[in-house]
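Hi everyone, thanks for making time this morning. I'd like to walk you through one model, strand by strand and then ring by ring.

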Amino acid sequence: MKKIKILSVILLSLLFVLFAMGSGEDTSTEQDQGSGVVATEDADNTSLGDYKVEILDSRMAKDYSGNDVIIIKYSFTNNSDSPTAFYTAFEDNAYQNDIGLNDAILVEDSAEYSADNQTKDIKTGATLEVEVAYELNDTTSDVVVEVTEFLGFDDTVITKTFKIAES
């Protein structure tokens with residue numbers, strides 16, 4: 001019984017060490033996104049578990065109350081064995097000054113925005129463009145978008161920063 005306890009402690013210690021290790025690399029590229037937004041991203045890794053996600057670009061819009069909104073466009077590829085939707089595969093968050101942004105509700109179609117693709121299941125090997133709108137806290141601070149695997153054990157975070165240009 002004592003040997004089992006010792007082996008369990010050693011195994012748990014090894015697992016902890018493996019989970020704590022990270023690459024620490026930061027490779028960034030800058031791209032002009034048009035419409036007053038410039039983006040910086042970690043372009044080396046876009047795989048999260050059985051899925052691939054790319055943070056493509058953004059555009060500005062207004063929500064139903066006239067508040068400023070940023071719409072982020074993602075490319076989602078399902079490499080798992082079963083149909084999956086973006087919103088069940090990933091957890092996506094946007095931040096300004098390290099404060100989370102709320103999802104925005106756009107009623108008017110002036111921004112040609114559709115949240116429908118967030119909930120569509122796609123089969124193995126399929127790719128779908130998905131848009132998510134976030135209500136901005138202000139119109140001058142950078143927006144940092146982060147995507148992680150939902151309920152995954154991988155600590156990989158796909159990030160992209162959008163610089164909101166002052167007009």
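**A walk through the sheet and the core**

Let's begin at one end of a sheet: strand 3 and strand 4 are antiparallel partners, with 2 bridges between them. Please keep in mind throughout that this is a predicted model. To find the register, look for S47, which sits opposite K52 of strand 4. These two strands make a hairpin with 2 residues between them, and there G49 adopts a positive phi near 60°.

Moving on, strand 4 also runs antiparallel to strand 5, and here 11 bridges join the two. Y51 is across from N78 in strand 5. This is again a hairpin, now with 5 residues between the strands, and in its turn G66 has a positive phi of about 90°.

Next comes strand 5, residues 68-78, which is joined to strand 8 by 9 bridges, antiparallel once more. For a landmark in that pairing, take S75, which faces E129 in strand 8.

So what order do the strands take in the whole sheet? The order is 3-4-5-8, in an open sheet of 4 strands with antiparallel pairing. Strand 3, at 47-48, and strand 8, at 127-135, are the edges, each pairing on one side only. As a reminder, strands in a sheet pair through backbone hydrogen bonds, and they can do that parallel or antiparallel.

Let me step back to the fold as a whole. The protein has 2 helices and 10 strands. Along the sequence, that reads α-β-β-β-β-β-α-β-β-β-β-β. Of the contacts with a separation of 6 or more, 67% are between residues 24 or more positions apart.

Now to my favourite part, the rings. How many aromatic pairs does the structure hold? There are 6. One of them is Y51 with F76, a tilted pair at 6.2 Å centre to centre and with 55° between the planes. This pair links distant parts of the chain, since Y51 belongs to strand 4 (residues 51-62) and F76 to strand 5, 25 residues apart.

Are those two rings buried or exposed? Y51 counts as buried because its relative accessibility is 12%, under the 20% cut-off. F76 is buried as well, with a relative accessible area of 0%.

A further tilted pair is F86 with F90, at 5.3 Å between centres and 55° between planes. Both of these phenylalanines are buried. If you follow the ring pairs along, they connect Y51, Y74, F76, F86 and F90 into a cluster.

That brings us to the nonpolar cores. The largest one has 25 residues, and the members touching the most others are Y74, F90 and V143. Which elements give two or more residues to this core? They are strand 4, strand 5, helix 2 (86-89), strand 6 (90-96), strand 8, strand 9 (143-149) and strand 10 (158-164). There is also a second, separate core of 7 residues, and among its members are A61, I71, A104 and L106. In soluble globular proteins, nonpolar side chains do tend to be buried together.

Last, the surface. The protein has 167 residues, and 35% of them count as buried. The exposed area is about 10400 Å², of which carbon and sulfur atoms supply 51%.

That's my tour, and I'm happy to go back to any part of it. Thanks for listening!

Terms used:
Residues numbered from 1 in each chain as written. Predicted model: local features only at pLDDT ≥ 70, side-chain atom pairs only at ≥ 80, totals over all residues. Heavy atoms only, no water. Pairing = 2+ DSSP bridges. Phe/Tyr/Trp six-rings, centres within 6.5 Å; stacked < 30°, edge-to-face > 60°. Buried < 20%, exposed > 50% of the residue type's maximum accessible area, 1.4 Å probe, protein only. Core = buried A, V, L, I, M, F, W, Y, C linked by side-chain atoms within 4.5 Å. Contact = heavy atoms within 4.5 Å. Areas by Shrake-Rupley, 256 points an atom, 1.4 Å probe, with all protein chains shown as cover.
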